[in-house]
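Biologist: Thanks for joining me! Could we walk through some helix packing and the cysteines together?

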Amino acid sequence: MAGGFLGYIVGVLFSLNLGGSVSWSGLALGYLVVLFMDLSTHYNNDYYDMEIDRRAPSKPFGSVNLLIENPELRGAALSASVGCSALSLALASAMVWLGSVWHLLAVVILFNVLGWLYSAPPVRLHSRRLGEVTIAVGTGFCVPAVGYLVARGAVDGTFLLFSAPLVLYGFVLSLCLQLPDLETDQALGKRTLAGLIGRRPSYLLVLFSSVTASAFYFLVLPNTEAFELMPLISLAPVVSSLFSALLLNDSQAHAMVFTRVNVSALFLLLVGMNAALLLGLS
């Protein structure tokens, strides 16, 4: 849940730096929307991927395998997922009725659709080599977009430009989470990008994506005072993925290290972005 919260606040603070405004109640309601749609995705993913999780190794930032240890809770997990989706849509609809733009409801619908299609049969996007795109759009665009909309009122060109590197970081996140499970996913027919190209090319793809996102901050955002620190902050994933690509091998044990180091760097990036945007408001 921490990543969703940080991504949401990034969207809010970016909007405030551009002259947006938000009440404390609006801020809280917006985060409840994000929280429920985030929870829904996690619950249904655990429900539909129970067999994969049963055979996959325990990994950093992975599932706690609650349903494997307590299979009687599986039905409750599906019900919770449906309930959380409904709550996120209901809250977004209420916010639109109270004055928010329709864009907010559209973004929440998009996230929920992607969240369900990611794991649920017969679509199962994560088994069609579309899982990476799904996670990238959900985490890099939809979550901060809710924060931006709460304080700004519309998804505009400025936000689309700002969210482009965030979508790349979402893609990096998806690859990092796949790498420890590569053998299990291949054995069970889960067609991921990491399974297609292998671990070492995936390490290099994470590095390339991190460098591309960082280059965006260096070339596009430094002209605005509020973003002076962004280029330096964006180097955290670059450094972590560079050392990982140079030092690690194809083993599963090293993939665990890769995931731990690089996902931690993404969290550090979000914390740093929030800090920089807060400084921009001072």
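**Helix packing and cysteines**

Modeller: Happy to; α1 passes α14 in a left-handed crossing. Please keep in mind that this is a predicted model.

Biologist: How are α1 and α14 oriented to each other?

Modeller: Helix α1 (residues 2-17) and helix α14 (residues 252-281) have axes 9 Å apart and pack at an angle of about 25°. Angles under 35 degrees count as roughly parallel. That makes α1 and α14 roughly parallel.

Biologist: How many charged residues are in the contact of α1 with α14?

Modeller: On the α1 side, the contact includes L6, I9, V10 and L13, and among their partners in α14 are F267, L270 and M273. By class, this contact has 14 nonpolar and five polar residues, and the number of charged ones is zero: no charged residues.

Biologist: And how do α7 and α8 lie to each other?

Modeller: The axes of helix α7 (residues 131-152) and helix α8 (residues 157-178) come within 7 Å and cross at roughly 140°. Roughly antiparallel would need an angle over 145 degrees. The two helices, α7 and α8, are therefore oblique.

Biologist: Which hand does the crossing of α7 and α8 have?

Modeller: Residues making the contact include F141 and Y148 of α7 and F159 and F171 of α8. As for the hand, the crossing of α7 and α8 is right-handed.

Biologist: Is C84 buried or exposed?

Modeller: C84 is in no disulfide, and the nearest cysteine sulfur, that of C142, is 17 Å away. Buried means under 20% relative accessible area. C84 has 9% relative accessibility, so C84 counts as buried.

How values were computed
Residues numbered from 1 in each chain as written. Predicted model: local features only at pLDDT ≥ 70, side-chain atom pairs only at ≥ 80, totals over all residues. Heavy atoms only, no water. Axes fitted to C-alpha atoms, helices over the stretch in contact; angles between N-to-C directions. Helix = DSSP H or I, 4+ residues; strand = E, 2+ residues; numbered from the N terminus. Parallel < 35°, antiparallel > 145°, perpendicular 65-115°, else oblique. Left-handed = near helix turned anticlockwise from the far one by under 90°. Contact = heavy atoms within 4.5 Å. Disulfide = S-S within 2.5 Å. Buried < 20%, exposed > 50% of the residue type's maximum accessible area, 1.4 Å probe, protein only. Nonpolar A, V, L, I, M, F, W, Y, C, P; charged D, E, K, R; others polar.
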